[in-house]
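User: I am new to this structure and would like to understand how its descriptive terms are earned. Could you take me through them with care?

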Amino acid sequence: MELEKRHIDLINLNQKDFFDNGSFICVILNTNGEISYVNRAFLDLTGYDEFVKGKKFLELFTLAEEKVDILFNEIISGKEEKTDINHILCRNGDKKLILWHNHSLKNEKGEIEYVLSIGDDITFRSEYQHDIRRINEAFLSLSRDYEKNLKNLLNTAYEISGALACFYNAIENGKIKTIFSIGVPASFPKDFEAEGTPCKKLYDSNLDELEQDLNQNETLIEGAGKYYGILVKKDGVKFGVLCFFFKDERIKKERLHILSKAVAIVEENHRLIRSLDFEKNRYKDFFERMPFGVYVMSLPSKKIEYVNDMAYDLTGYTKQELYEAGGEVIERLVHEEDRPKLYDFLKSGDLFKASLRLRWIKKDGTVIWTERTFSPIYDENNKLTAVQAAVRDITAETKYNEDINSYTKAILITSQVDAIFIKNKSEDVFPKLLDMLLSLTYSKYGFLGFLDENQNLVARVMTENVYGDCNLGDSIVHSMVKNSSSLWAKSLKEGKINILNGPGNAPAGHIKIDSAVSIPLSYGSIVYGVILLAGKKEGYSDKDISLISKIASHMADRVYTILENQKLKEKEEKIRQDMTNAMRLESLGTLAGGIGHDFNNLLSAVTANLSLLAERVSGENRDIVEDSIKAADSAKSLASQLMFLAKGYKPLRQKTDSTKFLRDTFNFLSRGIGSVKTKIEIDENLSAFEIDRGQITQVISNMLINASQALAGVSNPRIDIKVQNYIVSAQDKSNMTRGNYVKISIRDNGCGIDSENIKRIFDPYFTTKKTGSGLGLYIAYGVIVKHSGYIEVKSEKGKGSEFIIYIPALSETFNEAKETAQSASFRKLNILILDDEEIVLKSLSRIIKSLGHDCFIAKKSYEAETIVSNDKVDIAFVDLTLKGDIDGYAVNAKLKQIKPEIYTIVSSGYSEQGLGDYMSKGFDAAMPKPYKFEDVKRMISGYLDRK
């Protein structure tokens with residue numbers, strides 16, 4: 001009982017969606033006949049909107065003569081619920097024939113409160129049955145009257161076709177002669193020139209049929225837009241052409257062809273009958289020429305009195321065999337399963353009123369479908385003495401009926417597919433399609449996957465059991481797709497349907513299935529996706545495959561269009577975002593350059609004075625000063641970040657001891673990430689590199705900040721840092737340039753990055769943090785690229801991330817301490833400082849004087865020129881940007897002109913071009929701001945070493 005209650009609860013929970021989205025029509029009426037609920041299918045069918053709720057259903061939708069009110073009253077009075085067929089009126093005046101299943105809905109007291117009616121539209125089925133009945137009537141009414149036969153058959157064709165006009169034409173001596181016409185005025189010509197007409201074209205070409213669109217200015221039938229003709233012929237003899245003119249209706253070709261064959265038989269019989277002696281052989285010849293098997297059986301002896309020639313075709317027995325066997329053979333011809341139906345019919349009162357459809361087994365064992373009608377033969381006393389029967393072969397018609405039903409089902413299914421595309425947003429289409437395919441094929445598992453631009457398979461929708469039990473991710477890389485032997489991979493590679501009906505070799509961890517089918521999705525010659533369905537109990541039949549193939553073919557082009565539109569929207573959004581970011585970055589770059597310049601000038605004084613102070617103190621005081629210097633270095637990294645955003649900034653690379661630089665940088669920066677456990681491993685004999693130290697420091701800082709933020713909420717937060725030499729050889733398949741690199745790996749065990757975000761991780765302004773700017777990783781990426789290096793990220797949602805940086809390494813070793821110690825012996829120099837900032841002049845001059853050299857200062861370019869002209873200046877420190885003055889490049893050119901051997905060092909906190917190309921501008925060295933005591937000492941030592 002608990003399980004039953006659970007089922008009921010689940011049904012109640014889901015029933016609204018069932019009724020709302022069902023393909024059947026549904027109406028709920030209260031006991032007053034007022035509409036309480038209608039589903040979407042009912043509104044779509046009738047053309048009404050939601051306003052019909054509260055209206056009286058019987059007044060609005062039913063025909064009075066069908067007396068639906070009597071049925072309704074019986075249901076609400078508690079009588080037996082009924083299945084009924086009646087018409088409903090649509091808003092546009094059309095009538096739809098509906099098969100209703102009516103149910104009363106009772107409350108807790110057992111009182112009827114509502115009537116639930118669920119219906120199916122059977123209008124098409126009714127129309128088909130009506131057409132076939134009319135054709136049968138036309139056949140059975142054939143007589144020896146040629147004109148009456150033609151008129152009856154052509155009237156039937158005209159009625160069934162729904163054409164504007166119908167002609168039966170003969171072609172004689174280049175003219176069209178109309179034998180019969182219907183649907184045209186009496187004044188319409190009975191004959192006219194045949195050349196150039198569709199009728200003549202069909203007759204001459206000996207085709208079975210011709211369908212052709214008509215030019216409104218040329219057609220003789222007003223309003224006709226389409227011509228359809230059937231050549232009436234039999235055994236190679238052409239009799240004429242049946243012509244139909246349509247406005248734009250559906251052409252019932254199969255039914256019209258049946259009638260055209262009947263017309264051919266009538267024509268043939270007419271020709272034969274005219275050549276015979278009508279008085280002597282009138283009835284006998286008619287029956288012999290009939291397209292039906294005819295026999296007369298006397299009663300009650302069941303003796304065969306007469307059979308025509310057609311009976312042999314229907315039974316396989318000769319006339320003589322039938323005469324000798326008598327009526328018993330007729331019963332034996334009937335299929336064993338259909339004999340009870342025959343006996344019941346013979347006993348009923350419908351013997352001479354209705355036709356009977358039965359299967360016959362011919363003498364050679366062939367099974368055919370037959371339809372027979374019986375006519376009584378009475379003697380002069382009005383006593384029934386014999387029965388005359390006409391039997392026709394309806395095997396082809398039955399097959400046609402089955403095809404029609406199959407076609408109808410296909411139309412309904414394709415209509416469901418169309419409705420999914422029409423009623424749903426693009427992102428909702430794929431799950432709806434998968435649900436429909438699973439439902440139609442009774443499959444347990446399934447997914448829809450599409451190839452992206454890299455030929456990776458992206459699973460856009462899948463059943464939960466596939467996602468959970470098979471561990472199938474959202475994306476399968478191209479190499480795995482290419483090497484996979486699975487059913488879906490074969491369909492993608494071969495562009496063919498693949499079927500499994502039997503145990504398959506499922507990989508470890510996957511669901512074991514005994515049946516599956518994969519269908520490729522194609523656009524033209526492009527295979528772009530695949531449907532996989534699996535887990536049908538009895539396996540997938542040919543009918544299943546045909547159905548799935550039709551659905552896949554019907555939806556393939558539209559699915560491709562959705563995917564391409566989505567790609568186009570993503571590209572448009574990317575272009576728009578890139579343009580926005582470019583404008584924002586340009587504005588930010590201008591601002592950053594100005595701020596960076598001023599900040600570096602101020603920071604220069606701080607770092608220069610602190611580094612000079614460090615040379616003069618010892619013990620605890622020196623430790624305090626060095627900590628301050630490191631803090632200033634961190635601020636220098638911030639300035640470096642601002643400088644990167646400045647337009648056209650290039651890194652000023654300096655040969656650097658990578659081991660010392662990275663160890664100091666990681667040790668210092670890791671102090672600022674709280675309680676996170678940090679492990680640092682740096683290989684021995686690490687290669688040196690040439691870097692902009694401020695920029696690389698900022699990259700590492702951004703990486704550590706990013707990693708620490710990803711660790712929020714993690715129980716045992718950890719960052720592992722590993723630095724090692726790395727070689728890219730000729731055999732390496734990556735896109736990196738061959739050579740030696742310093743590889744820096746920063747790995748965390750944090751929240752990880754999902755597959756969508758990882759594609760945009762280095763885009764400007766992209767961030768998943770509420771307070772982030774989205775510039776940290778963008779700057780890091782740009783810095784590494786400008787250093788001719790590479791940066792990559794590996795991550796999985798919930799399993800942490802790893803950022804890997806590759807910086808080109810130098811072939812020779814470099815030890816900074818050793819290089820400084822091996823500099824040339826001391827010689828007192830005359831040194832000029834040109835800078836427009838008083839605080840920079842003071843701090844730099846202090847360092848120069850502390851190193852034992854004479855110092856000259858200038859704030860303007862002309863002052864510097866005067867000093868060089870009048871004094872023996874060895875070295876000149878030249879600021880690149882001078883407020884209200886010429887730039888440092890122009891100053892350098894003038895100083896070199898005055899004194900060619902002067903050693904000029906460019907210094908700047910910001911420039912459009914940066915300091916990276918200082919040598920091409922005529923400078924001998926470059927020293928970016930801010931700088932320290934060691935930087936100045938190294939610049940002077942460089943000059944002395946050169947001398």
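Analyst: Let us begin with residue classes: Ala, Val, Leu, Ile, Met, Phe, Trp, Tyr, Cys and Pro count as nonpolar, Asp, Glu, Lys and Arg as charged, and the others, Gly among them, as polar. By these classes, the lining of the largest cavity has 10 nonpolar, 4 polar and no charged residues. This is a predicted model, in which local features need pLDDT of at least 70 and side-chain atom pairs count only at pLDDT 80 or more, while totals for chains, interfaces and linings use all residues. Residues are numbered from 1 along each chain as its sequence is written, and side-chain values use heavy atoms, with hydrogens and water left out.

User: Why is Thr697 called buried?

Analyst: Buried means under 20% relative accessible area, exposed over 50%, and partly exposed in between (1.4 Å probe, protein chains only). Thr697 has a relative accessible area of 13%, so it is buried. Of the 947 residues in the protein, 45% are buried.

User: What makes the link between the side chain of Thr697 and the backbone oxygen of Arg693 a polar contact?

Analyst: A polar contact is a pair of N or O atoms within 3.5 Å; within protein, one must be able to donate a hydrogen and the other to accept it, and residues adjacent in sequence count only if both atoms are side-chain atoms. The side chain of Thr697 reaches the backbone oxygen of Arg693 at 2.7 Å, so the distance meets that limit.

User: How far apart are Thr697 and Leu669?

Analyst: Thr697 and Leu669 are 28 residues apart in sequence, and their C-alpha atoms lie 9.0 Å apart in space.
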